[in-house]
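Please consider the following briefing on the domain layout, the ligand site and the backbone of one model.

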Amino acid sequence: MFNKLCVIGVGLIGGSVAKAARAQGLAKTIVGYGRAQDLVNLQTAKRLGVIDEFYIESVGWVEERNPTNHTANVGLRYANPTYQAVEGADCVVIATPVASIEAIFTQLKPFWSENTIYTDVGSTKGSVLAAAERVFGVIPDNLVPAHPIAGAEQSGVEAALVDLFSHKRLIITPASHTNPDAVQKIKQFWQGFGALVSIMDAQHHDGILAATSHLPHILAFALVDMLGHKDEQTEIFKYAAGGFRDFTRIASSDPTMWKDICAANKSEILPLIEQLRAELAKIHGLLANDDYQQLFSTFAYAKSARQRFLNQFEVPTMSKSITFHVQNGGKLQGEARVPGDKSMSHRSIMLGSLAEGVTHVKGFLEAEDALATLQAFRDMGVEIEGPVNGELTIHGVGKHGLKAPKNDLYLGNSGTSMRLLSGLLAGQPFNSVLTGDKSLSGRPMKRVTEPLAKMGADIKTTEKGTAPLYITGKAGQLTGIDYVMPMASAQVKSCLILAGMYAQGETSVTEPAPTRDHTERMLAGFSYPVKQDGSKVTVTADGKLIAADIDVPSDISSAAFFLVGASIAEGSDLLLKHVGINPTRTGVIDILRLMGANIEVLNEREVGGEPVADLHVVYSPLKGIDIPEHLVPLAIDEFPVLFVAAACAEGQTRLTGAEELRVKESDRIQVMADGLQILGVDAQPTEDGMIIQGGGNIGGGTVTSHGDHRIAMAFSIAGLRASAPITVLDCANVNTSFPEFKDLVKNLGLDLVCEES
Ligand code: S3P
């Protein structure tokens with residue numbers, strides 16, 4: 001809190017500083033100061049209560065006697081309005097255009113006080129420091145240059161806004177010897193207005209602003225300059241519309257101010273103009289050569305980069321709540337291709353990024369989980385084009401080419417992203433932080449951090465062993481281990497394999513039961529050596545990944561909803577095309593067949609190292625079984641919908657050895673048992689599974705998925721055999737794995753209405 005704040009230049013920015021300081025109680029007295037031509041503006045500021053008093057710069061010295069001291073010099077001082085404005089101020093904010101700052105420093109010099117902190121709001125910072133050096137010889141240590149990145153179209157104190165800086169960035173650019181207390185005070189002052197304060201050196205600031213503010217202004221002025229002359233001859237503006245208006249908005253800015261800014265930051269701007277010239281030449285070349293593929297890639301990359309820019313402004317709001325209203329009855333008929341495999345989509349991004357060369361991916365799952373992985377790699381400097389219709393182009397950076405992410409890596413709901421990335425990032429030459437949504441932040445991470453710690457990794461979790469994960473990169477310091485997994489988990493296995501690719505010696509993982517082996521297969525596809533010896537897989541750091549094209553098959557975990565739906569609804573007949581049938585994933589087919597389902601595996605083939613087939617399923621009465629435990633890891637994600645199959649089967653179905661279901665996106669044993677009971681099914685949860693008395697008597701009612709995508713879809717499928725409508729709450733997360741589910745299931749014969757609120 002300042003006793004006296006002096007604002008030099010009470011225009012839009014200076015006026016907003018004064019207003020905010022007053023509103024937040026950050027200054028007792030606020031004094032304005034300006035030039036003779038600012039008189040009306042300063043009078044307005046006083047009338048509006050923005051400032052308490054003001055002084056006008058005088059030309060030359062006015063002589064006036066100090067009644068208590070009769071020496072001429074002191075008399076001159078007392079009569080000087082600059083002195084009167086700044087005298088006794090705790091803080092002086094210079095809010096005038098950058099070009100005038102040197103003159104302001106010159107005026108302030110005779111009265112510069114070590115008891116005052118001086119700051120400014122200029123949009124170039126190197127020039128402010130240089131001006132200070134010219135005027136004072138050395139940059140005063142109580143000068144704290146700052147730049148609020150905020151503005152408005154209008155100017156003058158009447159346009160000043162009390163919240164102009166709220167949630168806006170503010171950059172402080174101290175010199176190496178600037179007094180840290182002064183920096184701290186200025187930081188707190190701006191934070192008091194709600195600004196998001198960063199501290200960096202002046203050159204870094206000027207480079208950033210040249211690219212994101214000065215260059216766009218130059219471009220807007222240049223385009224309008226060029227087209228304005230054309231317009232004088234051919235009246236083209238008459239037909240210009242929204243796009244032109246949006247793009248050229250900033251060409252309405254003050255030309256004097258922008259001339260001064262460009263002059264002040266010339267050294268940063270000139271190389272950027274050269275780069276822009278090269279970019280335009282590239283586009284010129286692509287067009288001239290009819291290279292529309294590359295032109296598309298350039299535009300698609302720019303679109304996604306802009307989205308990244310927009311995303312940071314998104315105030316986290318309560319995400320939309322989605323409810324599925326399912327009419328009971330119906331049957332599934334026809335042909336469908338469900339979206340790409342989630343596990344393989346994640347891995348295609350990870351390994352494609354680490355490869356040398358360009359990887360093309362087809363069939364990529366465009367759903368939130370896989371997109372979270374994609375974004376994480378973009379954040380680590382990998383250029384990825386797409387996805388467009390499931391196609392991606394990944395410009396691999398090589399095993400050692402990832403760059404430090406500037407922010408935390410947010411992985412949404414995706415356990416696979418978090419666990420696999422923890423292994424990969426443990427051995428990088430940079431630190432990283434992994435965060436996720438509420439569900440992911442409650443899931444166990446010790447299963448990866450403990451074995452990684454044995455390899456020498458440094459990963460901090462919460463006390464409960466959950467995210468956020470704070471990873472200190474230990475490049476060159478990991479050592480291989482021989483790890484026997486206590487649980488059958490492909491995520492843990494893959495995590496350790498990825499860490500092993502950066503560790504000294506061999507890293508081996510032995511699994512208690514077979515789990516999905518997509519990491520091993522895809523690594524082999526990228527020419528990376530992986531040794532498989534029974535249940536033990538071994539990697540070393542020797543080797544590199546060579547880019548390869550990937551064709552991701554349909555996800556059997558998504559197909560499972562239709563395999564069960566068609567098996568339980570009389571009259572169903574469905575063909576599911578191009579489904580991945582890797583033997584580590586086909587437990588659902590085996591279990592359903594044991595229950596009496598009629599599923600044919602047709603047209604078996606191999607695509608990019610993974611077996612693929614079309615699955616033909618027709619209705620068949622099911623019977624209850626004891627599910628063989630060895631099939632549990634091979635159908636681990638399919639149990640929610642298999643419980644629905646069990647509810648429709650004749651007799652009892654018993655699942656054991658599936659305690660892992662309790663730590664999935666929700667506690668799938670409890671949540672499914674609760675929902676089935678609401679629908680009138682006798683479903684008894686056990687520690688490691690469930691006992692369901694079948695018979696097909698599923699009633700209607702309202703159940704909740706607890707934000708678990710697979711539970712939402714499983715209860716929707718139950719509608720096919722229910723005697724009354726089912727409402728499923730909290731279905732937004734279906735978008736994490738299968739955004740098309742509601743439309744596809746409707747097309748095939750289930751009456752599902754999706755309500756958003
Ligand atoms: C996955 C492995 C499984 C599975 C998850 C995806 C993978 O998890 O449930 O949906 O892609 O490796 P666990 O490793 O925890 O069993």
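The centres of domain 1 and domain 3, taken over C-alpha atoms, are 51 Å apart. The model is a predicted one, in which local features require pLDDT of at least 70 and side-chain atom pairs count only at pLDDT 80 or more, while totals for chains, interfaces and linings use all residues. Residues are numbered from 1 along each chain as its sequence is written, and side-chain values use heavy atoms, with hydrogens and water left out.

**Domains**
- The chain is assigned domain 1 (2-200), domain 2 (207-290), domain 3 (345-551) and domain 4 (556-756); such bounds come from an automatic or database domain assignment.
- Domain 3 and domain 4 each supply at least three residues to the shell around the ligand.

**Ligand shell**
- Around the ligand (a heavy atom within 4 Å of it) are Ser343, Arg347, Thr416, Arg419, Ser489, Ala490, Gln491, Arg516, Ile636, Asp637 and Lys664.
- By class, the shell holds two nonpolar, four polar and five charged residues; Ala, Val, Leu, Ile, Met, Phe, Trp, Tyr, Cys and Pro count as nonpolar, Asp, Glu, Lys and Arg as charged, and the others, Gly among them, as polar.

**Ligand contacts and burial**
- Polar contacts are pairs of N or O atoms within 3.5 Å.
- Ser343 places a polar side-chain atom 2.7 Å from a ligand oxygen atom, and a polar side-chain atom of Lys664 is also 2.7 Å from an oxygen atom of the ligand.
- For Gln491, a polar backbone atom lies 2.8 Å from an oxygen atom of the ligand.
- The protein buries 96% of the 380 Å² that the ligand exposes when taken alone, by the Shrake-Rupley method with a 1.4 Å probe.
- Helix H13 (342-354), helix H15 (415-426) and helix H17 (490-500) are the elements that give two or more residues to the ligand shell; helices (H or I, at least four residues) and strands (E, at least two) are DSSP runs, numbered from the N terminus.

**Backbone features**
- Most residues other than glycine have a negative phi, and most peptide bonds are trans.
- Gly386 and Pro387 are joined by a cis peptide bond with omega about 5°, and Pro387 belongs to strand E13 (residues 383-388).
- Another cis peptide bond, with omega about 0°, links Ala467 and Pro468; Pro468 is in the loop between strand E17 (458-460) and strand E18 (469-472).
- Glu235 has a positive phi, near 50°, and is in the loop between helix H8 (202-234) and helix H9 (242-248).

Notes:
Polar contact = N/O pair within 3.5 Å; in protein donor to acceptor, adjacent residues only side chain to side chain.
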